[in-house]
Amino acid sequence: RRCLYHWVAYPDAARERAILAKKAPNVPEALAAQVVAFVQRLRNEDVFKLPGVAETIDWAQALTYLNKAELTAGDVDETLGVLLKYQDDIQRLQGSEAAEIIRKVKADIAAQPLG
């Protein structure tokens, strides 16, 4: 017997935000934008297991349950286990690397036109 695999590409940021809004409508818009942008950037990093859309949803909901309105380096460090599956990936990203991704995410969002 053989298994058939169908690989589905990760959605772009706009599609992932739409999915997040549908699956987790309680997540504040600003937080959702930052979470999706962070995950989109993280998928370009060298991690053993890239986070999927389910992890994006879980992470956004966890941050919302913790009453977070925006990403901070400390919040990311404390909650990366929701997003990443392997301890080596979590340890590598915690601290300055996560903080740099957050800085880039917030700069990208600030540079986007309103509308």
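Which helix gives the most to the lining of the largest pocket? In this predicted model, the answer is α2, with five residues.

**Stop 1: the pocket**

Select Ala-13, Ala-14, Arg-17, Ala-33, Val-36, Ala-37, Gln-40, Arg-41, Val-105, Asp-108, Ile-109 and Gln-112, which form the lining of the largest pocket. The space they enclose comes to about 170 Å³. Next, colour α1 (13–23), α2 (29–42) and α6 (96–111): at least two lining residues come from each of these helices. Colouring the lining by class gives seven nonpolar, two polar and three charged residues.

**Stop 2: an aromatic pair between α2 and α3**

Leave the pocket and turn to the aromatic rings, where three pairs are counted. Select Phe-38 and Trp-59 for one of them: the ring centres are 5.2 Å apart and the planes stand at 55 degrees, so this pair is tilted. Phe-38 belongs to helix α2 and Trp-59 to helix α3 (residues 53–65), and the pair links parts of the chain 21 residues apart. Switch on the surface to check the burial of these two side chains: both Phe-38 and Trp-59 are buried.

**Stop 3: an aromatic pair between two loops**

Now select Phe-48 and Tyr-86. Their ring centres lie 4.7 Å apart with the planes at 85 degrees, so the pair is edge-to-face. Phe-48 sits in the loop between α2 and α3, while Tyr-86 sits in the loop between α4 (73–83) and α5 (87–93); the separation along the chain is 38 residues. Keep the surface on for this pair too. Phe-48 counts as exposed because its relative accessibility is 65%, and Tyr-86, with a relative accessible area of 38%, is partly exposed.

Note on methods. Residues are numbered from 1 along each chain as its sequence is written. This is a predicted model: local features need pLDDT of at least 70, side-chain atom pairs count only at pLDDT 80 or more; totals for chains, interfaces and linings use all residues. Side-chain values use heavy atoms; hydrogens and water are left out. On a 1 Å grid over the protein atoms alone, a cavity is a set of points where a 1.4 Å probe fits but cannot get out, and a pocket is an open set with protein on both sides within 12 Å along at least five of seven lines; lining residues have an atom within 4 Å of a point. Grid points are joined across faces, edges and corners, and a volume is the space filled by probe spheres set on the points. Helices (H or I, at least four residues) and strands (E, at least two) are DSSP runs, numbered from the N terminus. Ala, Val, Leu, Ile, Met, Phe, Trp, Tyr, Cys and Pro count as nonpolar, Asp, Glu, Lys and Arg as charged, and the others, Gly among them, as polar. Rings of Phe, Tyr and Trp (its six-membered ring) pair if their centres lie within 6.5 Å; planes under 30 degrees apart count as stacked, over 60 as edge-to-face and the rest as tilted. Buried means under 20% relative accessible area, exposed over 50%, partly exposed in between (1.4 Å probe, protein chains only).
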